[in-house]
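Trainee: Could we go through this structure together, one question at a time? I would like to see how each answer is reached.

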Amino acid sequence: MDNNIKLALLGGDERQSFLARELADRGFETAVWGIGGGVDIGRAVKCRDVQCAIDSASAVILPLPASLDPYAPGATMLYRKLQSAPSSHADHLRTSAYSS
(Lines give C-alpha, C1' and ligand atoms only; values in the text may rest on other atoms or scores of the structure.)
Protein backbone atom coordinates (compact mmCIF):
# COMPACT_ATOMS: atom_id res chain seq x y z
CA MET A 1 0.00 0.00 0.00
CA ASP A 2 1.45 3.34 -1.05
CA ASN A 3 0.01 6.25 0.94
CA ASN A 4 1.91 8.98 -0.99
CA ILE A 5 2.52 10.67 2.35
CA LYS A 6 5.98 11.44 3.68
CA LEU A 7 6.47 11.46 7.43
CA ALA A 8 9.59 12.71 9.22
CA LEU A 9 10.60 11.40 12.63
CA LEU A 10 13.13 13.59 14.42
CA GLY A 11 15.05 12.32 17.43
CA GLY A 12 14.10 9.66 19.86
CA ASP A 13 14.95 6.19 21.03
CA GLU A 14 13.70 2.64 20.43
CA ARG A 15 10.09 3.85 20.54
CA GLN A 16 10.68 6.16 17.57
CA SER A 17 12.59 3.48 15.66
CA PHE A 18 9.66 1.08 16.27
CA LEU A 19 7.25 3.72 14.97
CA ALA A 20 9.46 4.33 11.92
CA ARG A 21 9.42 0.61 11.08
CA GLU A 22 5.66 0.38 11.53
CA LEU A 23 4.91 3.44 9.39
CA ALA A 24 7.24 2.28 6.61
CA ASP A 25 5.69 -1.20 6.71
CA ARG A 26 2.25 0.40 6.31
CA GLY A 27 3.33 2.16 3.11
CA PHE A 28 4.26 5.62 4.36
CA GLU A 29 7.43 7.19 3.02
CA THR A 30 9.28 7.50 6.33
CA ALA A 31 12.44 9.52 6.94
CA VAL A 32 14.29 9.61 10.26
CA TRP A 33 16.94 11.92 11.66
CA GLY A 34 18.55 12.03 15.08
CA ILE A 35 17.71 8.46 16.08
CA GLY A 36 20.70 6.67 17.56
CA GLY A 37 22.96 4.60 15.36
CA GLY A 38 22.57 0.85 15.21
CA VAL A 39 18.80 0.81 15.75
CA ASP A 40 16.54 -1.08 13.35
CA ILE A 41 14.39 1.37 11.38
CA GLY A 42 13.21 -1.18 8.84
CA ARG A 43 12.49 0.32 5.41
CA ALA A 44 12.55 3.89 6.71
CA VAL A 45 15.27 6.15 5.31
CA LYS A 46 17.92 7.43 7.73
CA CYS A 47 18.87 11.01 6.83
CA ARG A 48 22.21 12.67 7.50
CA ASP A 49 20.63 16.05 8.19
CA VAL A 50 17.30 17.45 9.32
CA GLN A 51 16.61 19.06 5.95
CA CYS A 52 16.67 15.67 4.21
CA ALA A 53 14.14 14.33 6.69
CA ILE A 54 11.65 17.19 6.56
CA ASP A 55 11.81 18.13 2.87
CA SER A 56 8.34 17.45 1.41
CA ALA A 57 7.13 15.89 4.66
CA SER A 58 3.40 16.07 5.33
CA ALA A 59 4.04 15.82 9.06
CA VAL A 60 6.93 15.90 11.52
CA ILE A 61 6.76 13.48 14.44
CA LEU A 62 8.78 14.38 17.53
CA PRO A 63 9.47 12.22 20.56
CA LEU A 64 7.56 12.91 23.76
CA PRO A 65 8.17 15.13 25.52
CA ALA A 66 8.77 17.34 22.50
CA SER A 67 10.04 20.83 23.18
CA LEU A 68 12.50 23.25 21.73
CA ASP A 69 12.95 24.72 25.20
CA PRO A 70 16.45 23.57 26.22
CA TYR A 71 15.37 23.49 29.88
CA ALA A 72 12.33 21.24 29.42
CA PRO A 73 12.80 17.73 30.82
CA GLY A 74 13.98 15.32 28.14
CA ALA A 75 14.35 18.00 25.47
CA THR A 76 18.06 18.72 25.75
CA MET A 77 19.33 16.21 23.16
CA LEU A 78 16.85 17.17 20.43
CA TYR A 79 17.37 20.87 21.14
CA ARG A 80 21.16 20.51 20.86
CA LYS A 81 20.86 18.54 17.62
CA LEU A 82 18.57 21.17 16.10
CA GLN A 83 20.85 23.97 17.31
CA SER A 84 23.79 22.38 15.50
CA ALA A 85 21.89 21.52 12.32
CA PRO A 86 23.19 23.60 9.38
CA SER A 87 19.81 23.96 7.74
CA SER A 88 17.34 26.73 7.01
CA HIS A 89 14.65 24.17 7.84
CA ALA A 90 16.14 23.72 11.30
CA ASP A 91 16.15 27.50 11.71
CA HIS A 92 12.47 27.52 10.80
CA LEU A 93 11.73 24.79 13.35
CA ARG A 94 13.71 26.61 16.05
CA THR A 95 12.00 29.95 15.54
CA SER A 96 8.42 29.05 14.74
CA ALA A 97 7.58 25.81 16.49
CA TYR A 98 5.58 27.45 19.23
CA SER A 99 4.80 30.87 17.82
CA SER A 100 1.18 31.84 17.23
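Trainee: Let's begin with one residue: in which helix is the place of Ile-54?
Mentor: Happy to start there. Residues are numbered from 1 along each chain as its sequence is written, and this is a predicted model in which local features need pLDDT of at least 70, side-chain atom pairs count only at pLDDT 80 or more, and totals for chains, interfaces and linings use all residues. Side-chain values use heavy atoms, with hydrogens and water left out. Helices (H or I, at least four residues) and strands (E, at least two) are DSSP runs numbered from the N terminus, and the run that holds Ile-54, residues 50-54, is helix α2.

Trainee: Is Ile-54 buried or exposed?
Mentor: The classes rest on relative accessible area: buried is under 20%, exposed is over 50%, and partly exposed is in between, with a 1.4 Å probe and protein chains only. Ile-54 has 12% relative accessibility, so this residue counts as buried.

Trainee: What separates the C-alpha atoms of Ile-54 and Thr-30?
Mentor: Along the chain, Ile-54 and Thr-30 are 24 residues apart. In space, the separation of their C-alpha atoms is 10.0 Å.

Trainee: Now the overall layout: which pattern does the protein follow along the sequence?
Mentor: The secondary structure comes to four helices and four strands. Read along the sequence, these elements give β-α-β-β-α-β-α-α.

Trainee: What is the order of the strands in the open sheet?
Mentor: Two strands pair if DSSP finds at least two bridges between them. The edge strands, each pairing on one side only, are β3 (45-46) and β4 (59-61). With parallel pairing, the four strands have the order β3-β2-β1-β4.

Trainee: In β2, which residue is the bridge partner of Leu-10?
Mentor: Strands β1 (residues 6-10) and β2 (residues 29-33) pair in the parallel sense over five bridges. Among the partners in β2, Lys-6 has Glu-29 and Leu-9 has Val-32. For Leu-10, the partner is Trp-33.

Trainee: How many residues of β1 are buried?
Mentor: Look at both sides of the strand: Lys-6, Ala-8 and Leu-10 point one way, Leu-7 and Leu-9 point the other way, and all are buried. β1 is therefore largely enclosed by the rest of the structure. In β2, four of its five residues are buried, while for β1 the count is five of the five.

Trainee: At about what angle to β1 does helix α1 run?
Mentor: Axes are lines fitted to C-alpha atoms, for helices over the stretch in contact (heavy atoms within 4.5 Å). Angles run from 0 to 180 degrees between N-to-C directions. Helix α1 (residues 14-25) lies across β1, β2 and β4, and its angle to β1 is about 170°.

Trainee: On to charges: which residue forms a salt bridge with Arg-15?
Mentor: Side chains of opposite charge can pair when their charged atoms come close. A salt bridge here is a side-chain nitrogen of Lys or Arg within 4 Å of a carboxyl oxygen of Asp or Glu, and the whole structure has three. Arg-15 is exposed at 59% relative accessible area, and its partner, with closest N and O atoms 2.7 Å apart, is Asp-13.

Trainee: Which side chain does Arg-26 meet in a salt bridge?
Mentor: Arg-26 counts as exposed at 52% relative accessibility. Its partner is partly exposed, with a relative accessible area of 27%. At 3.5 Å, N to O, that partner is Glu-22.

Trainee: How many residues apart in sequence are the parts that Arg-43 and Asp-25 tie together?
Mentor: The side chains of Arg-43 and Asp-25 meet in a salt bridge at 3.6 Å, N to O. Arg-43 lies in the loop between β2 and β3 and Asp-25 in helix α1, so the parts they tie together are apart in sequence by 18 residues.

Trainee: Last one: what is the mean pLDDT of the protein?
Mentor: pLDDT is the predictor's confidence in each residue, from 0 to 100. Over residues 95-100 it stays under 50. Of the protein's residues, 61% reach 70 or more, and the mean is 78.
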